[in-house]
Amino acid sequence: MSISMARAELIARAHACQGCREYSYRKVAIKPSASSLRDALGVIWTATLTCGVCGLQQELGIDPEGDVVYVG
């Protein structure tokens with residue numbers, strides 16, 4: 001069983017910014033991951049985050065259990 005989009009958003013928002021280590025995001029977008037990421041890493045959701053403090057844009061890959069697989 002995999003996590004819902006709403007749960008993936010909560011997990012993404014609970015991840016600290018890689019630039020300033022804050023948890024305040026101006027924009028969070030969750031979408032199903034590309035098939036290549038699903039096959040290679042087992043990622044089902046891709047989250048794109050824009051920090052509200054430093055403006056850093058980062059991407060998270062979330063697997064079916066709710067673990068963050070990569071941050072980029």
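Mentor: A residue counts as buried under 20% relative accessible area, as exposed over 50%, and as partly exposed in between. Keep in mind that this model is predicted.

Trainee: Where does Arg-13 fall, buried, exposed or partly exposed?

Mentor: Arg-13 has 36% relative accessibility, so it counts as partly exposed. Glu-9, with a relative accessible area of 30%, is also partly exposed.

Trainee: Which residue forms a salt bridge with Arg-13?

Mentor: The general test is a side-chain nitrogen of Lys or Arg within 4 Å of a carboxyl oxygen of Asp or Glu. Here the partner of Arg-13 is Glu-9, and their closest N and O atoms are 3.2 Å apart. By this rule the structure has 1 salt bridge. Both residues belong to helix α1, where they are 4 residues apart, about one turn of the helix.

Trainee: What does helix α1 pack on?

Mentor: I will describe the sheet before the helix. The sheet is open, with 4 strands in the order β1-β2-β3-β4 and antiparallel pairing. Its edges are β1 (25-32) and β4 (68-71); each has a single partner strand, so one side of each is left without a neighbour in the sheet. From one strand to the next, the twist averages 20 degrees. Helix α1 (residues 5-13) packs on this sheet and touches β1, β2, β3 (57-62) and β4. The direction of the helix makes about 140 degrees with that of β1.

Trainee: How many bridges join β1 to β2?

Mentor: There are 7 bridges between β1 and β2 (residues 45-51), and the two strands run antiparallel. As one example, Lys-27 has Thr-50 in β2 as its bridge partner.

Key. Residues numbered from 1 in each chain as written. Predicted model: local features only at pLDDT ≥ 70, side-chain atom pairs only at ≥ 80, totals over all residues. Heavy atoms only, no water. Pairing = 2+ DSSP bridges. Axes fitted to C-alpha atoms, helices over the stretch in contact; angles between N-to-C directions. Contact = heavy atoms within 4.5 Å. Buried < 20%, exposed > 50% of the residue type's maximum accessible area, 1.4 Å probe, protein only.
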